[in-house]
Amino acid sequence: MFDLGFSELMVIALVALIVIGPERLPRVARTLGHLAGRLQRYVSDVKADINREVELDELRKMRDSMQQAATGFESSVNSELQQTEAELNAAVEGKADAVVSTPTQAEGSIVENQKP
């Protein structure tokens with residue numbers, strides 16, 4: 001992030017030693033270290049939250065597309081079933097009409113045997 005070389009760090013440390021003093025410098029360095037750690041954890045938590053939101057959004061999109069595909073498949077299956085049912089009903093009605101209008105040979109012989 002920052003491009004600091006060794007010489008720049010030495011200058012910062014020397015100025016800090018002069019300004020803060022040798023007694024308080026370790027305490028200030030420790031406090032800065034803790035604050036830097038907290039900052040890193042906070043940044044990593046924010047990154048993780050953003051990644052979770054992105055993944056959740058992708059999962060929602062995938063779920064919606066799967067629901068649309070399933071709905072389309074279900075409607076096509078239902079339409080095919082209705083069409084097949086209508087064809088079968090028409091075929092059964094056609095056979096029933098044919099059976100009622102023309103008696104079979106077995107039915108004709110039964111009718112002839114019953115005549116007195």
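In which helix is confidence lowest, and in which is it highest? Here are a few notes on that and on the rest of this predicted model.

1. **Confidence.** Helix 3, residues 105-113, is where confidence is lowest, with a mean of 51. Helix 2 is at the other end, with the highest value, 92. Across the whole chain the pLDDT averages 85, and 82% of the residues reach at least 70. I would read the points below with those values in mind.

2. **Overall make-up.** The chain holds three helices and zero strands, so the pattern read along the sequence is simply α-α-α. Buried residues account for 2% of the 116 in the chain. The exposed area comes to about 10800 Å², and 62% of that is supplied by carbon and sulfur atoms.

3. **Helix 1 and its end.** Does the length of this helix agree or disagree with expectation? It agrees: at 1.5 Å a residue, the 15 residues of helix 1 should span 21 Å, and the C-alpha atoms at its ends are indeed 21 Å apart. Just after helix 1 comes glycine 21, which takes a positive phi of about 105°.

4. **A nonpolar patch.** Val11, Leu14, Val15, Leu17, Ile18 and Val19 together make a nonpolar surface patch of about 590 Å². One of its members, isoleucine 18, sits in helix 1, which covers residues 6-20. Isoleucine 18 counts as exposed because its relative accessibility is 65%, and the cut-off for that class is over 50%.

5. **Salt bridges in general.** How many salt bridges does the structure hold? There are three, and the next points take them in turn.

6. **Arginine 52 with aspartate 49.** These two side chains meet in a salt bridge with an N to O distance of 2.7 Å. Both residues belong to helix 2, residues 25-101, and they are three residues apart, about one turn of the helix. An α-helix has 3.6 residues a turn, so residues three or four places apart point the same way. Aspartate 49 has a relative accessible area of 38%, so it is partly exposed.

7. **Aspartate 57 with lysine 61.** Here the salt bridge has an N to O distance of 3.8 Å, which falls within the 4 Å cut-off. Aspartate 57 and lysine 61 also both lie in helix 2, four residues apart, again about one turn of the helix. The two partners fall into separate accessibility classes: aspartate 57 is partly exposed at 35%, whereas lysine 61 counts as exposed at 56%.

8. **Arginine 63 with aspartate 64.** In this salt bridge the closest N and O atoms are 3.4 Å apart. Are these partners buried or partly exposed? Aspartate 64 is partly exposed, with a relative accessible area of 34%, and arginine 63 is partly exposed too, at 46%.

Definitions and conventions
Residues numbered from 1 in each chain as written. Predicted model: local features only at pLDDT ≥ 70, side-chain atom pairs only at ≥ 80, totals over all residues. Heavy atoms only, no water. Patch = residues over 30% accessible without salt bridge, like charges linked within 9 Å, V, L, I, M, F, W, Y side chains within 5 Å. Areas by Shrake-Rupley, 256 points an atom, 1.4 Å probe, with all protein chains shown as cover. Helix = DSSP H or I, 4+ residues; strand = E, 2+ residues; numbered from the N terminus. Buried < 20%, exposed > 50% of the residue type's maximum accessible area, 1.4 Å probe, protein only. pLDDT = per-residue confidence, 0-100. Expected span 1.5 Å × (residues − 1).
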